[in-house]
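Trainee: I should like to examine the terms applied to this model and the grounds on which each one rests.

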Amino acid sequence: MNYQPLNMKLQFWTVGKTHESYVKEGIEVFTRRISNYYSVQWQIIPMPKNAGMMSEMDLKLKEGEMILNFLKKEDYLVLLDERGKQMNSEGLASFIQQRANESEKNLVFLIGGAYGVSEEVTKRANYKWSLSQLVFPHQLVRLILAEQVYRACSIIRNEKYHHS
C-alpha cells in the first residue's frame with residue numbers, strides 16, 4: 001500500500017461515561033501508537049441530563065442532536081453499527097488509506113449510546129461499519145476500535161505488528 005503522510009485527523013467519538021479502568025490503559029496504548037501515523041483524538045459525548053428518566057426514543061434523539069452539533073459538514077462519519085458492513089483488517093487499512101487519498105480532513109468513528117443512534121445520525125453517516133456479528137459492551141468496543149485502527153495503520157505502513 002502506498003502510505004502518504006497526509007493531514008487527516010482520526011477522531012473516536014463515543015456516547016457515555018469516561019473509559020472504565022479495565023480498558024483505559026489499552027485504549028491509551030493504542031491511541032498513542034496511532035498518533036505515530038495520524039493525529040488522533042477521543043471525544044466522549046456525555047449522556048444527556050436526566051437520561052435515566054427518558055424513553056429510549058427520546059434518549060436517542062437527544063444524543064443524536066448532540067452528535068450532529070459536534071459534527072462539521074466536511075467530517076467523514078463512520079458509524080459503528082451492528083447492521084453495517086464488515087471488513088477484515090486489510091479492508092480497514094484500505095478504507096483509511098482511501099479516505100486519506102481523498103484528502104478527508106476528519107475521519108470520525110462514532111460509537112453510539114446504549115440504544116444506538118437516531119435516524120438522523122444514521123442518515124448523516126458516510127459509512128456504516130460492523131465490527132462483528134457479536135455484541136460487545138461499549139467499553140470493549142472502544143478498545144477493539146483503537147486496536148483495529150492501529151493494526152490498519154501498521155498494515156498501511158507494511159510494519160510487522162499485523163503478523164505478530
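Trainee: Which residue in β5 does Val78 stand opposite?

Mentor: Val78 stands opposite Tyr127 in β5. Before we continue, note that this is a predicted model, in which local features need pLDDT of at least 70 and side-chain atom pairs count only at pLDDT 80 or more, whereas totals for chains, interfaces and linings use all residues. Residues are numbered from 1 along each chain as its sequence is written, and side-chain values use heavy atoms, with hydrogens and water left out.

Trainee: What makes β3 and β5 a pair of strands?

Mentor: Two strands pair if DSSP finds at least two bridges between them. Strand β3 (residues 76–85) is joined to β5 by four bridges, and the two run parallel; four satisfies the minimum of two, so they count as paired. Strands here are DSSP runs of E with at least two residues, and helices are runs of H or I with at least four, numbered from the N terminus.

Trainee: In what order do the five strands form the sheet, and why are β2 and β5 said to stand at the edges?

Mentor: The order is β2-β1-β4-β3-β5 in an open sheet with parallel pairing. β2 and β5 (127–129) each have a single partner strand, so one side of each is left without a neighbour in the sheet. Neighbouring strands are turned by 30° against each other on average, direction ignored. Helix α3 (residues 89–101) packs on this sheet, touching β3, β4 (106–111) and β5, and its direction makes about 135° with that of β4. Such angles run from 0 to 180 degrees between N-to-C directions of lines fitted to C-alpha atoms, for helices over the stretch in contact.

Trainee: What makes the unit of β1, α1 and β2 right-handed?

Mentor: A crossover is right-handed if, with the strands pointing away from the viewer, the path from the first strand over the helix to the second runs clockwise. β1, helix α1 (residues 21–34) and β2 make a β-α-β unit of that hand. Its strands, β1 (residues 9–15) and β2 (residues 39–45), pair in the parallel sense over seven bridges, with Leu10 opposite Val40 in β2.

Trainee: What span is expected of α1 at 1.5 Å a residue, and what does the helix reach?

Mentor: The expected span is 1.5 Å times one less than the number of residues. For the 14 residues of α1 this gives 20 Å, and the helix reaches 20 Å from its first C-alpha to its last. The 15 residues of α2 should span 21 Å, and its end C-alpha atoms are 21 Å apart, which agrees.

Trainee: Why is Phe30 counted as buried?

Mentor: Buried means under 20% relative accessible area, exposed over 50%, and partly exposed in between (1.4 Å probe, protein chains only). Phe30 has 14%, which is under the 20% limit, and therefore counts as buried. Phe30 lies in helix α1, where the other buried residues are Val23, Ile27, Thr31 and Ile34.

Trainee: Why are the buried residues of α1 said to line one face?

Mentor: Seen down the axis of α1, they fall within an arc of 105°, so they line one face of the helix; the arc is that of the directions from the helix axis to the C-beta atoms. On the other side, Ser21, Glu25 and Arg32 are exposed. The buried residues pack against β1, β2 and α5 (138–156).

Trainee: Which residues does Phe30 touch, not counting those up to four places away in sequence?

Mentor: Contact means heavy atoms within 4.5 Å. Phe30 touches Leu143, Ala146, Glu147, Tyr150 and Tyr161. Phe30 and Glu147 are 117 residues apart in sequence, yet 5.7 Å apart in space, C-alpha to C-alpha.

Trainee: Is Asp81 buried or exposed?

Mentor: Asp81, in strand β3, has a relative accessible area of 9%, so it is buried. Asp81 touches Lys128, Trp129 and Ser130, residues up to four places away in sequence being left out.

Trainee: What sets Asn50 and Asn158 apart in phi?

Mentor: Most residues other than glycine have a negative phi. Asn50 has a positive phi of about 60°, and phi of Asn158 is near 60°. Asn50 sits in the loop between β2 and α2 (56–70), and Asn158 in the segment after α5. At 59% relative accessibility, Asn50 counts as exposed; Asn158, at 71%, is exposed too.
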